[in-house]
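Biologist: Please take a close look at one part of this model for me: the annotated binding site. Walk me through its residues, then the ligand.

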There are 4 protein chains.
Amino acid sequence: MKILVNEKGKKFLIGTDDLHTDHGYIKKEEIGSSNPGDVLKTHLGREFRVLKANINDYIELMDRRCSIILPKDLGVMTAYTGLGYGQRVVEAGTGAGAATIFMANVVGETGHVYSYELREDFSQIAEKNVKGFGLENVTLKCQDVVEGIDEEDVDLVFLDLPKPWEVVEHARDALKSGGYLAAYTPYIDQVKLLNRILKKRSFSNLKSLECLVREIEVKDKGVRPKTRMTGHTGYLTFGRKI
Amino acid sequence: MKILVNEKGKKFLIGTDDLHTDHGYIKKEEIGSSNPGDVLKTHLGREFRVLKANINDYIELMDRRCSIILPKDLGVMTAYTGLGYGQRVVEAGTGAGAATIFMANVVGETGHVYSYELREDFSQIAEKNVKGFGLENVTLKCQDVVEGIDEEDVDLVFLDLPKPWEVVEHARDALKSGGYLAAYTPYIDQVKLLNRILKKRSFSNLKSLECLVREIEVKDKGVRPKTRMTGHTGYLTFGRKI
Amino acid sequence: MKILVNEKGKKFLIGTDDLHTDHGYIKKEEIGSSNPGDVLKTHLGREFRVLKANINDYIELMDRRCSIILPKDLGVMTAYTGLGYGQRVVEAGTGAGAATIFMANVVGETGHVYSYELREDFSQIAEKNVKGFGLENVTLKCQDVVEGIDEEDVDLVFLDLPKPWEVVEHARDALKSGGYLAAYTPYIDQVKLLNRILKKRSFSNLKSLECLVREIEVKDKGVRPKTRMTGHTGYLTFGRKI
Amino acid sequence: MKILVNEKGKKFLIGTDDLHTDHGYIKKEEIGSSNPGDVLKTHLGREFRVLKANINDYIELMDRRCSIILPKDLGVMTAYTGLGYGQRVVEAGTGAGAATIFMANVVGETGHVYSYELREDFSQIAEKNVKGFGLENVTLKCQDVVEGIDEEDVDLVFLDLPKPWEVVEHARDALKSGGYLAAYTPYIDQVKLLNRILKKRSFSNLKSLECLVREIEVKDKGVRPKTRMTGHTGYLTFGRKI
Ligand SMILES: C[S@@+](CC[C@H](N)C(=O)[O-])C[C@H]1O[C@@H](n2cnc3c(N)ncnc32)[C@H](O)[C@@H]1O
Ligand SMILES: C[S@@+](CC[C@H](N)C(=O)[O-])C[C@H]1O[C@@H](n2cnc3c(N)ncnc32)[C@H](O)[C@@H]1O
Ligand SMILES: C[S@@+](CC[C@H](N)C(=O)[O-])C[C@H]1O[C@@H](n2cnc3c(N)ncnc32)[C@H](O)[C@@H]1O
Ligand SMILES: C[S@@+](CC[C@H](N)C(=O)[O-])C[C@H]1O[C@@H](n2cnc3c(N)ncnc32)[C@H](O)[C@@H]1O
């Protein structure tokens with residue numbers, strides 16, 4: 001999918017209509033026939049560059065009505081679970097679908113993401129978001145994951161919901177031998193309880209961690225970490241079925 | 001590929017021969033006919049569980065003769081560049097191939113990783129490592145990347161070598177519009193110089209960061225971060241061709 | 001010195017006049033005869049508690065026209081240099097005097113702080129601030145420290161100015177055997193250059209570090225680090241004359 | 001008090017006897033008549049420099065039989081509570097006396113530290129350590145602090161023991177208006193419980209935090225944080241009596 005970027009770096013999703021901006025409009029026909037790298041002009045002469053949206057552009061622009069998990073945490077989760085092409089993943093809850101889209105983009109056409117969401121409104125937003133990025137390897141399920149996981153032999157169960165411990169037993173049943181459970185939780189109390197249940201349910205290689213990303217400011221007068229940083233998002237907890 | 005895990009969690013790669021361990025041997029025929037999840041016994045009665053190796057098991061066990069980049073940094077790099085299935089990636093230098101294998105596992109059969117390495121000995125180790133994991137979407141090139149990048153229209157150029165700034169211009173030529181350059185460097189001085197050159201060569205969205213992973217210890221007597229942590233591995237620097 | 005704290009925790013410095021607030025006034029006579037712990041009422045009946053100002057209350061309320069160094073960095077500096085009662089300290093630049101007041105409060109009546117400041121306006125603000133807290137062990141000097149340090153046999157030279165390397169030689173002359181130089185600098189480039197000069201001038205036990213303070217949020221629904229934190233203030237560099 | 005430093009920077013406490021080292025001995029008379037800055041030679045010709053011990057030298061060399069709190073945490077505690085000369089402090093437990101000595105060195109001759117310790121063996125070690133540094137403003141009490149605090153009107157109650165919440169009420173009684181309670185605890189579970197009790201006992205300005213110190217390596221080939229760092233020591237919790 002294509003997006004347009006103005007001179008200041010602001011990004012615009014392209015729909016099926018003309019693009020109207022503060023600096024003039026661009027006709028849908030012109031947008032339709034453009035290619036990534038092209039520069040289009042509004043009727044007022046302002047330049048917009050055509051870009052093939054990558055997944056981060058898209059997640060930035062899509063409809064997000066609940067708080068989404070940040071790229072840093074998805075990246076570390078991916079690396080620690082060995083997520084890769086062809087894998088089958090179960091997720092709960094879907095929320096706006098940021099993690100869903102990220103994981104679907106990694107497991108690819110030969111893999112699949114099954115995502116459970118309790119609330120119908122979120123499930124619908126996620127549906128729109130997943131479709132909008134053109135992903136066909138996702139099944140969204142408006143179901144309570146605590147009542148059960150339909151899938152079997154999956155590589156990863158990823159949980160971003162308030163009480164992940166309620167899903168541990170279902171996750172164990174759904175996972176293949178060697179598969180991972182990964183959970184994202186903001187509170188340390190959740191980490192504690194989840195670890196207790198994972199242990200009880202014989203998960204191996206338990207690990208809990210937090211990932212801090214610190215940006216570096218490179219200016220002419222010197223290099224230094226940025227003054228402001230995100231001090232906390234959530235903890236990641238991992239267990240493996242062996 | 002299969003691996004064996006003993007009662008203490010130690011992992012063993014399986015070759016074409018019998019497995020000999022401190023606690024007895026297991027016949028190759030028995031190993032050959034086993035399935036993930038099975039438990040095999042040595043002639044001394046010790047149990048080994050059969051596991052389908054995932055990428056982290058494999059990288060842990062493979063031949064690594066140079067320092068490899070850690071999962072946390074590969075994960076954050078993946079998330080920030082939107083790496084996904086079907087993408088084409090250029091990498092330099094290959095080293096032992098840890099990043100190569102990680103990225104090949106993400107881009108999948110419809111994607112490809114082209115990896116440049118100056119030293120023939122490393123290139124050969126990497127070849128063995130890549131083949132050993134059964135990846136067919138990798139091309140290893142024993143070439144100096146400073147002399148040029150043969151590929152075009154790639155999604156990502158990933159650099160883990162001492163002077164990434166020498167490759168910026170070639171990277172720009174090789175990248176498609178919207179593609180990313182990502183570099184991993186241990187020293188802040190490298191971050192500074194690389195940013196200068198990326199700016200000069202008109203890369204956009206420049207960002208440099210460090211990723212810190214802190215493990216949490218969950219014990220009966222209480223929860224706390226671990227006493228020891230890795231204080232630094234390297235900085236990640238990103239630029240986008242727009 | 002006394003301050004008043006309203007019901008919301010807001011603090012007020014007491015001058016020589018009546019205190020006028022949004023919630024009514026309190027007469028100067030009443031303030032004058034009050035003791036720490038007392039509760040005074042405005043003519044509108046709102047309560048203000050009398051508190052003996054500690055150093056942090058005071059620094060919070062005083063006139064600060066330049067950026068001041070944070071308590072965390074002063075605390076770590078104190079601990080790493082073994083600052084204590086009776087010591088003699090040279091400081092540059094004074095700025096608004098936050099570090100001056102902090103150090104004077106530690107070295108006490110038997111110690112002394114000599115503080116150099118280039119700009120007369122800052123020196124005057126600092127004078128007002130130091131006097132206001134009732135400290136008599138401080139000498140403020142409106143002098144360029146690069147032109148020389150008048151004192152000898154001091155325990156600590158503390159530098160918070162852009163080019164601390166210009167002062168290294170003077171600091172060495174001023175320090176007693178076993179004394180410390182400590183410098184606070186925002187940029188890593190400054191750390192690099194300062195270390196080079198400290199080495200050249202035979203300082204021992206060189207150490208550079210950064211101190212990160214992360215607040216923990218303790219709420220009924222759970223415990224977690226705060227979402228926002230200060231990602232960077234400055235680096236501390238230490239050298240010892242041996 | 002004097003110490004000797006050999007050519008490699010190793011430090012030696014001086015007793016009342018000759019100093020015997022791997023590189024020869026130095027006579028007690030020679031040591032006795034030396035001054036800080038002097039260089040003494042062993043009978044084998046190796047050089048030892050005389051240094052006036054500062055508090056960190058001393059704590060490094062003294063007898064420490066239990067785990068002591070690190071300078072970074074003492075420094076931040078000092079800064080956040082506004083510890084300074086002339087203040088009166090209650091501490092529990094004493095342990096080997098590292099925090100005791102640090103605080104006594106700050107409050108000075110006009111201040112005082114009263115330190116409670118349950119175990120007689122620790123109390124005796126602490127006694128030796130405190131005396132050894134020549135401090136006369138410390139009272140060590142071999143008493144269970146849970147049974148009560150004898151002092152009144154103190155500026156700070158500092159707690160480094162497993163169940164600080166058992167001391168909150170006594171601390172409140174002992175503190176003057178505006179005074180601080182500060183506690184150091186390794187586990188987050190302790191932070192949680194302590195905050196609950198502090199709230200219940202009407203302490204104000206509750207704050208819990210952790211302090212991370214990260215060393216920077218400045219070498220010719222570049223600048224970078226050190227590979228290894230201390231990931232956790234303990235949390236600091238503060239409350240104020242207002
Ligand atoms: C924080 S959001 C997930 C955000 C998502 N990871 C993202 O990045 O966009 C948590 C979601 O879990 C859903 N949820 C909570 N309990 C659930 C359950 N038992 N089964 C399915 N979904 C549930 C909530 O409705 C909410 O949408
Ligand atoms: C730190 S290692 C890479 C490790 C690798 N990322 C991994 O995780 O296994 C850096 C490698 O870059 C190679 N290298 C250095 N300069 C190069 C150049 N100009 N062209 C190709 N390879 C180069 C070195 O020989 C070395 O093997
Ligand atoms: C960042 S401020 C110091 C703030 C101070 N540490 C505090 O916490 O309030 C730096 C000060 O150094 C002063 N300064 C810069 N160069 C100086 C010099 N060569 N001699 C004396 N003061 C100098 C500046 O005028 C400025 O007021
Ligand atoms: C971790 S150590 C203190 C170390 C000390 N802060 C230092 O830096 O050297 C804790 C001490 O508290 C003492 N302690 C525990 N409970 C106590 C109590 N109720 N009253 C007095 N001391 C107690 C223990 O015996 C132990 O020596």
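Modeller: Asp160(A) is partly exposed, because its relative accessible area is 26% and the partly exposed class runs between 20% and 50%. This is a predicted model. Asp160(A) sits in the loop between strand 10 and helix 6 of chain A, and that helix covers 168-174. Set aside the neighbours within four places in sequence. Asp160(A) is then in contact with Ile69(A), Ala92(A), Gly93(A) and Tyr184(A).

Asp160(A) has company in the record. An unreviewed UniProt entry gives the feature "binding site" at Glu117(A), Asp144(A) and Asp160(A). These positions are spread over 44 residues of sequence, yet they cluster in space. The largest C-alpha distance among them is 13.2 Å.

Take Asp144(A) next. Its place is a loop of chain A, between strand 9 (138-141) and strand 10 (154-159). Strand 10 thus borders both loops: the loop of Asp144(A) comes before it, and the loop of Asp160(A) follows it. Is Asp144(A) buried, partly exposed or exposed? Asp144(A) counts as partly exposed, because its relative accessibility is 28%. Its side chain also has a polar partner in the backbone. A polar atom of that side chain lies 2.8 Å from the backbone nitrogen of Val146(A).

Now the ligand, seen from chain C. There are 22 residues around ligand 3. Those that come nearest are Ile69(C), Glu117(C), Asp144(C), Val145(C) and Asp160(C). Chain C carries the numbers 117, 144 and 160 in that list, and the record gives these numbers for chain A.

Which atoms of ligand 3 pair with the side chains of Glu117(C) and Asp144(C)? For Glu117(C), an N or O atom in the side chain is 2.5 Å from an oxygen atom of ligand 3. For Asp144(C), a polar side-chain atom lies 2.8 Å from a nitrogen atom of the ligand. Ile69(C) uses its backbone instead: an N or O atom there lies 3.1 Å from an oxygen atom of ligand 3. Taken alone, ligand 3 exposes 610 Å², and the protein buries 86% of that.

Last, how the copies relate. A turn of 180 degrees, with a shift of 0.0 Å along the axis, lays chain C on chain B with an RMSD of 0.0 Å. The two copies are therefore related as by a two-fold rotation axis. The same surface serves both: 100% of the contact residues of chain C recur in chain B.

Technical notes: Residues numbered from 1 in each chain as written. Chains lettered and ligands numbered in written order. Predicted model: local features only at pLDDT ≥ 70, side-chain atom pairs only at ≥ 80, totals over all residues. Heavy atoms only, no water. Least-squares fit on C-alpha atoms with pLDDT ≥ 70 in both. Contact = heavy atoms within 4.5 Å. UniProt positions renumbered as here; feature names shortened; annotations may be inferred. Helix = DSSP H or I, 4+ residues; strand = E, 2+ residues; numbered from the N terminus. Buried < 20%, exposed > 50% of the residue type's maximum accessible area, 1.4 Å probe, protein only. Polar contact = N/O pair within 3.5 Å; in protein donor to acceptor, adjacent residues only side chain to side chain. Near = heavy atom within 4 Å. Areas by Shrake-Rupley, 256 points an atom, 1.4 Å probe, with all protein chains shown as cover.
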